[in-house]
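Could you walk me through this protein, one selection at a time? I have it open in a viewer and would like to know what to click on next.

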Amino acid sequence: MTAYEKQLRECLGFVFGGPLPEPDYEPYLFFKQWLAERNLGLVPIADPSEFDWPGQWLARVRAADGDHAVVMFGSPSGPLHDPSGALAAGGRIEEGWLLARLDVRLPIEAPYGRERRVGRVEAILIAPDAEGPPARVDRIEAVAGRGLEGDRYFEGRGTFSGPGYGYQLTLVEAEVLDAIDLSWEQARRNIVTRGIALNALVGERFTIGPVECIGRRLAEPCSHLEKLTRPGILRPLVHRAGLRADILASGAISLGDDVASSRLATKGPPGPERRR
């Protein structure tokens, strides 16, 4: 990491109230995705040099020796935690972010609950190209670090393909789709499940048949999904549109396979959870 990225990690930890893990890919993207597991996000500030708010916020400060991260506070705002003394040395604020909850009604710790149930695979769907029609299959090879063979995200051709976590596999609950009369193909998720609360798998290891996965964050609806389905579909899918996950151990997924938290599947000591 660069000096600025190290300071950004330190300042985020200062605001968050505890140390953040070392990023293993581009730090800003890593921290955004790590925070999303905890119902948190970084909101860009439009004019940070003039921003004042009686709370903590983050600033990127340009000084003579480069960029530095600073925690700001107050109305008008001043440096609360400035690891390198960048503002005192005459640095200027170039960017700013507010750390905020994605949903103010949900907690930061286990925001989507810890419900433990075993469900099953109702459908498997893959689409070879972005925005292409998904097709149902009875069995598919799941490859660790890649995704489902034949799917657009396996080849890096998905609409949201990119670096970071949570782009290898998506799941959604059949009960949700049935309740809003949205076809399983229109939902554009890879695995349709029944009988398990997928939201509780954020930050958790779980299994689909013999395949081990880890839940990264919710697959929230967006205007892209609404464009491909029908107007008004975004609202009933908020916090209900499924789960983004990555594949940790390869194997074949088949219709009818169990879907379960690794805590249930192993019936032993808890496995590794989210990185703290």
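Here is a tour in short stops, each starting with something to select. Keep in mind that this is a predicted model.

**Stop 1: the helix near the start**

Select residues 3–16, which make up helix H1. How far apart should the ends of H1 be? At 1.5 Å a residue, its 14 residues should span 20 Å, and the end C-alpha atoms are indeed 20 Å apart, so the two values agree.

Now colour the buried residues of H1: Tyr 4, Glu 5, Gln 7, Leu 8, Cys 11, Leu 12 and Gly 13. As you look at how they are spaced, one rule is handy. An α-helix has 3.6 residues a turn, so residues three or four places apart point the same way.

What do these buried residues pack against? Show helix H2 (27–36) and strands E1 (40–44), E2 (53–63), E3, E4 (78–81) and E5 (92–101), and you have the partners of the buried residues of H1. Step just past the helix and you meet Gly 17, whose phi is positive, near 95°.

**Stop 2: a look at cysteines**

Return to Cys 11 in the helix. Cys 11 is buried, with a relative accessible area of 0%. Then jump to Cys 222, which is partly exposed at 27%. How many disulfides does the whole structure hold? A search finds 0. For reference, a disulfide is a covalent bond between the sulfur atoms of two cysteines.

**Stop 3: a nonpolar patch**

Select Phe 14, Phe 73 and Leu 80 and switch on the surface. These three form a nonpolar patch there, with about 270 Å² of accessible area together. Phe 73 belongs to strand E3, residues 66–74. Is Phe 73 buried, partly exposed or exposed? Its relative accessibility is 40%, so Phe 73 counts as partly exposed.

**Stop 4: unusual backbone**

Before the next selections, a piece of background: most residues other than glycine have a negative phi, and most peptide bonds are trans.

Click on Ser 75 and Pro 76. The peptide bond that joins them is cis, with omega about 0°. Pro 76 lies in the loop between E3 and E4.

Next, find Asn 39 in the loop between H2 and E1. Asn 39 is not a glycine, yet its phi is positive, about 60°. Asn 39 is also buried, with a relative accessible area of 0%.

Then move to Ala 110, in the loop between E5 and E6. Here too phi is positive, about 45°, although Ala 110 is not a glycine. With 15% relative accessibility, Ala 110 counts as buried.

**Stop 5: salt bridges**

The structure holds 19 salt bridges, and you can visit some of them now. Show the side chains of Arg 92 and Glu 94: their closest N and O atoms are 2.5 Å apart. Glu 94 is partly exposed, at 29%.

Move on to Arg 120 and Glu 122, where the closest N and O atoms of the salt bridge are 2.9 Å apart. Arg 120 is partly exposed at 38%, and Glu 122 is partly exposed at 24%.

Another pair to select is Arg 139 and Glu 141, whose side chains meet at 3.4 Å, N to O. Is Arg 139 buried or exposed? Arg 139 is exposed, with a relative accessible area of 52%, while Glu 141 is partly exposed at 31%. Now select Arg 60, Arg 62, Asp 67 and Glu 95 together: salt bridges that share partners join these four into one network.

**Stop 6: neighbours across the sequence**

Select Leu 125 in strand E6, residues 118–126. Leu 125 is buried, at 1% relative accessible area. Which residues from beyond four places in sequence are in contact with Leu 125? Among them are Pro 134, Asp 151, Trp 184 and Val 192. Try the distance tool on Asp 151: it is 26 residues from Leu 125 in sequence and 8.4 Å away in space, C-alpha to C-alpha.

End at Val 238, in the loop between helix H6 (234–237) and strand E14 (243–249). Val 238 is partly exposed, at 34%. Not counting residues up to four places away in sequence, Val 238 touches Glu 220 and Pro 221. Val 238 and Glu 220 are 18 residues apart in sequence and 6.2 Å apart in space, C-alpha to C-alpha.

Note on methods
Residues numbered from 1 in each chain as written. Predicted model: local features only at pLDDT ≥ 70, side-chain atom pairs only at ≥ 80, totals over all residues. Heavy atoms only, no water. Disulfide = S-S within 2.5 Å. Buried < 20%, exposed > 50% of the residue type's maximum accessible area, 1.4 Å probe, protein only. Patch = residues over 30% accessible without salt bridge, like charges linked within 9 Å, V, L, I, M, F, W, Y side chains within 5 Å. Areas by Shrake-Rupley, 256 points an atom, 1.4 Å probe, with all protein chains shown as cover. Helix = DSSP H or I, 4+ residues; strand = E, 2+ residues; numbered from the N terminus. Expected span 1.5 Å × (residues − 1). Contact = heavy atoms within 4.5 Å.
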